[in-house]
Amino acid sequence: MRRAAPRSLRRGLFLAAVGALGLAAAAAAQPAPPEEAPAVDVAPPPGAAAPEEAPPAIVPTPPPVYIPPIDAKEVAPAAPPKAQVVDKPSETTLKRVRQDVAVLQAIDKVTAETLRFKAEVGKPVRYKNLVFTVKACERSAADEAIDDSIAYLTIHSQPRAAPGKPAPPARQAFRGWMYASSPGLNPLEHPVYDAWLITCTAAGPAPAPVVSR
């Protein structure tokens with residue numbers, strides 16, 4: 001026959017089994033940990049300052065790219081600037097025809113008397129209190145668009161001298177170019193008289209002046 005275990009050993013094993021059962025029951029009785037709720041973005045109330053953003057990550061500066069020097073042989077010399085060519089006037093341009101006589105017409109605004117007369121270049125001609133001196137008179141060249149006559153003259157206002165008295169000093173009333181096609185372009189400005197250019201012509205026998213009333 002087997003011998004029975006001592007009482008003290010049986011008691012120890014019993015107490016160990018009871019303790020193990022108590023620990024298992026206590027572990028089963030503990031509640032499970034609560035599940036974490038999902039994060040919800042909450043908008044800040046109106047007027048509240050926006051939360052500061054985290055500073056950006058520091059990006060390292062890339063190293064400079066090495067550019068090898070250019071050999072002087074690889075660079076072509078710059079071309080010298082081209083000289084500007086100035087257009088010369090055409091030698092075939094026709095010159096204006098110079099004439100010796102200017103045909104003028106004058107009018108007395110008070111009496112309405114008109115007179116057409118010729119004045120040779122460089123020789124003064126009197127009409128009442130006006131003295132005309134033509135300096136140059138020319139016609140348009142054949143290649144110009146308008147057939148015109150142009151005269152450069154001076155007009156002085158000088159009354160005739162009274163008997164036994166010296167002539168009064170002359171006063172310049174006009175100096176410049178007159179154009180037959182445009183009498184109003186550079187007109188004589190005088191309170192009593194008016195005058196304009198009719199044409200330029202060659203010298204010839206002087207006809208008798210024609211006076212119209």
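1. Aromatic pairs. This predicted model holds four aromatic pairs. One of them is formed by Tyr127 and Tyr193, whose rings meet edge-to-face, with 6.1 Å from centre to centre and 75 degrees between the planes. Tyr127 belongs to strand E4 (residues 125-127) and Tyr193 to strand E8 (residues 193-201), so this pair ties together parts of the protein that are 66 residues apart in sequence. For a reader new to such descriptions, a pair of aromatic rings is described by the distance of the centres and the angle of the planes.

2. The surroundings of these rings. Are the two tyrosines buried or exposed? Tyr127 has a relative accessibility of 3% and therefore counts as buried, and Tyr193, at 7% relative accessibility, counts as buried too. Both tyrosines also belong to one aromatic cluster, which is formed by Phe117, Tyr127, Phe132 and Tyr193.

3. The nonpolar core. Phe132 appears again here, since the largest nonpolar core has 22 residues, and those with the most contacts inside it are Leu104, Phe132, Leu153, Ile155 and Leu188. Several strands contribute to this core: strand E2 (101-108), strand E3 (113-120), E5, E6, E7 and E8 each supply at least two residues. Leu153 can serve as an example, because leaving aside residues up to four places away in sequence, Leu153 touches Leu104, Phe132, Thr133, Val134, Lys135, Phe174, Arg175, Gly176 and Met178.

4. Strand E6 and its partners. Seven of the nine residues of strand E6 (residues 149-157) are buried, so this strand is largely enclosed by the rest of the structure. Strand E5 (residues 130-139) is joined to E6 by nine bridges, and the two run antiparallel; within this pairing, Leu130 stands opposite Ser157 in E6. E6 is also joined to strand E7 (residues 171-179), by eight bridges, and this pairing is antiparallel as well. Here the bridge partner of His156 is Gln172 in E7. When following such strands on the screen, it helps to recall that in a regular strand the side chains alternate between the two faces of the sheet.

5. The disulfide. How many disulfides does the structure hold? There is one, and it joins Cys137 to Cys200, with a distance of 1.7 Å from S to S. This link connects distant parts of the chain, for Cys137 lies in strand E5 and Cys200 in strand E8, 63 residues apart. The torsion about the S-S bond of Cys137 and Cys200 is about -90 degrees, which means that the disulfide is left-handed. Cys137 is buried, with a relative accessible area of 1%, and Cys200 is likewise buried, at 1%.

6. Gln99 beside the disulfide. Gln99, in strand E1 (residues 97-99), has a relative accessible area of 18%, and it counts as buried because the cut-off for that term is under 20%. Not counting residues up to four places away in sequence, Gln99 touches both cysteines of the disulfide, Cys137 and Cys200, together with Val121, Glu138, Arg139, Thr201 and Ala202. With Ala202 there is also a polar approach, in which the backbone nitrogen of Ala202 lies 3.2 Å from a polar atom of the side chain of Gln99.

7. A buried glutamate. Glu113 lies in strand E3 and is buried, with a relative accessible area of 16%. What does the side chain of Glu113 make a polar contact with? The partner is the side chain of Lys128, at 3.0 Å.

8. The loop between E6 and E7. Gln158 lies in this loop. The C-alpha atoms of Gln158 and Pro169 are separated by 6.6 Å, although these residues are 11 places apart along the chain. The side chain of Gln158 reaches the backbone oxygen of Pro168 at 3.1 Å. Again without residues up to four places away in sequence, the contacts of Gln158 are Arg126, Asn129, Val131, Ala167, Pro168 and Ala170.

9. The protein as a whole. The protein has one helix and nine strands, and from the N terminus on, its elements run α-β-β-β-β-β-β-β-β-β. Of its 213 residues, 20% count as buried. Among contacts between residues at least 6 apart in sequence, 51% join residues at least 24 apart.

How values were computed:
Residues are numbered from 1 along each chain as its sequence is written. This is a predicted model: local features need pLDDT of at least 70, side-chain atom pairs count only at pLDDT 80 or more; totals for chains, interfaces and linings use all residues. Side-chain values use heavy atoms; hydrogens and water are left out. Buried means under 20% relative accessible area, exposed over 50%, partly exposed in between (1.4 Å probe, protein chains only). Helices (H or I, at least four residues) and strands (E, at least two) are DSSP runs, numbered from the N terminus. Two strands pair if DSSP finds at least two bridges between them. Rings of Phe, Tyr and Trp (its six-membered ring) pair if their centres lie within 6.5 Å; planes under 30 degrees apart count as stacked, over 60 as edge-to-face and the rest as tilted. A polar contact is a pair of N or O atoms within 3.5 Å; within protein, one must be able to donate a hydrogen and the other to accept it, and residues adjacent in sequence count only if both atoms are side-chain atoms. Contact means heavy atoms within 4.5 Å. A disulfide is a pair of cysteine sulfur atoms within 2.5 Å. A nonpolar core is a set of buried Ala, Val, Leu, Ile, Met, Phe, Trp, Tyr and Cys residues joined through side-chain atoms within 4.5 Å.
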